[in-house]
Amino acid sequence: MRFPFRFYRGGPTDHVVKYVAGERQAEGRGKMFLVGPRTTIVRVPTTDLTIPFAFTELTADGQEVVIQGELLAGLMLEEILTRRDFSIDVASDDYTSDDPTKIEDDARHALQVYVRREVLGKTLQAALASTASIQDAVRDAIGKDAKAFTAIGVQVRNLFVTSVSPANLDLKRA
């Protein structure tokens with residue numbers, strides 16, 4: 001006979017929430033829970049996500065540039081719990097949906113709007129010469145209005161633009 005209960009222990013960097021019959025019962029970082037047949041365990045990582053990006057955008061003079069970098073972001077616990085399914089299969093410790101993998105794509109899409117707005121106001125020459133100013137301007141714009149990120153449950157911690165280069169290979173060689 002198989003015992004219908006198991007123990008689940010969250011990692012030290014995971015915020016674990018226990019739901020029994022749909023009701024939130026207990027939660028905490030790295031907690032251990034007894035899991036029964038009506039129990040759902042939700043695991044949300046508390047560590048920062050490093051999200052690489054590469055966008056091809058048009059400048060004010062109609063030239064394409066490639067902007068590459070990384071977005072450092074954290075998950076906002078309450079927003080994630082209400083908007084995404086981070087529940088896990090206790091036996092395998094795997095997520096039961098693909099929602100956790102969608103977070104990075106959603107953050108990239110939100111970031112692209114800010115980057116596009118900034119690059120569209122610059123000529124090709126100005127964009128190529130101002131990697132740091134693009135980074136600072138996008139970081140400031142997110143700081144003033146981060147609705148696109150809070151709507152998906154992401155808090156931007158930092159932004160790094162590592163390179164801005166022309167998309168046209170002939171321009172790149174010149």
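In strand 3, Lys 18 has Ala 26 as its bridge partner. That is one rung of the pairing between strand 2 and strand 3, which is antiparallel and runs over 6 bridges. Strands and helices here are DSSP runs numbered from the N terminus, with at least two residues (E) for a strand and at least four (H or I) for a helix. Two strands pair if DSSP finds at least two bridges between them. The hairpin made by strand 2 and strand 3 has 2 residues between the strands, and Ala 21 takes a positive phi near 55 degrees there.

A quick word on the model: it is predicted, so local features need pLDDT of at least 70 and side-chain atom pairs count only at pLDDT 80 or more, while totals for chains, interfaces and linings use all residues. Residues are numbered from 1 along each chain as its sequence is written, and side-chain values use heavy atoms, with hydrogens and water left out.

**The sheet**

Zooming out, the hairpin belongs to an open sheet of 5 strands in the order 3-2-5-8-9, with antiparallel pairing. Strand 3 (23–29) and strand 9 (94–95) sit at the edges with a single partner strand each, so one side of each has no neighbour in the sheet. As a general point, strands of a sheet pair through backbone hydrogen bonds, either parallel or antiparallel.

Now for strand 5. Strand 2 (residues 14–20) is joined to strand 5 by 7 bridges, and the two run antiparallel. Strand 5 (residues 39–45) also pairs with strand 8 (residues 87–89), again in the antiparallel sense, over 2 bridges. Here are some of the residues that face each other across these strands:

| Residue | Stands opposite | Strand of the opposite residue |
|---|---|---|
| His 15 | Val 44 | strand 5 |
| Val 17 | Val 42 | strand 5 |
| Val 42 | Ser 87 | strand 8 |
| Ile 41 | Ile 88 | strand 8 |

How many residues of strand 5 are buried? With buried meaning under 20% relative accessible area, exposed over 50% and partly exposed in between (1.4 Å probe, protein chains only), the count is 6 of the 7, so strand 5 is largely enclosed by the rest of the structure. Strand 2 has 6 of its 7 residues buried as well, so it too is largely enclosed.

Thr 39 is a residue of strand 5, and at 17% relative accessibility it counts as buried. Its side chain reaches the backbone nitrogen of Gly 36 at 3.1 Å. This is a polar contact (a pair of N or O atoms within 3.5 Å; within protein, one must be able to donate a hydrogen and the other to accept it, and residues adjacent in sequence count only if both atoms are side-chain atoms). Leaving aside neighbours within four places in sequence, Thr 39 is in contact (heavy atoms within 4.5 Å) with Lys 18, Tyr 19 and Val 20.

Over in the loop between strand 3 and strand 4 (32–35) you'll find Lys 31, which is partly exposed at 37% relative accessibility. Outside its neighbours within four places in sequence, Lys 31 is in contact with Tyr 8, Arg 9 and Gly 10.

**The cores**

A nonpolar core is a set of buried Ala, Val, Leu, Ile, Met, Phe, Trp, Tyr and Cys residues joined through side-chain atoms within 4.5 Å. The largest one has 34 residues, and those with the most contacts inside it are Ile 67, Leu 75, Leu 111, Val 138 and Phe 149. Helix 2 (residues 99–120) gives the most to this core, with 7 residues. Apart from it lies another core, of 7 residues, including Tyr 8, Val 16, Val 35 and Ile 88. Beyond four places in sequence, Ile 67 touches several residues, among them Phe 53, Phe 55, Val 115 and Val 161.

**The rings**

There are 3 aromatic pairs in the structure. Rings of Phe, Tyr and Trp (its six-membered ring) pair if their centres lie within 6.5 Å; planes under 30 degrees apart are stacked, over 60 edge-to-face and the rest tilted. Phe 53 and Phe 55 are stacked, at 5.0 Å centre to centre and 20 degrees between the planes. Phe 86 and Tyr 95 are edge-to-face, at 5.5 Å and 80 degrees. Phe 86 is buried, at 2% relative accessible area, whereas Tyr 95 is partly exposed at 26%.

Tyr 95 also has the charged end of Arg 43 over its ring, 4.6 Å from the centre. For that label, NZ of Lys or CZ of Arg must be within 6 Å of the ring centre and within 35 degrees of the ring normal. Likewise, the charged end of Arg 117 sits over the ring of Tyr 114, 5.4 Å from its centre.
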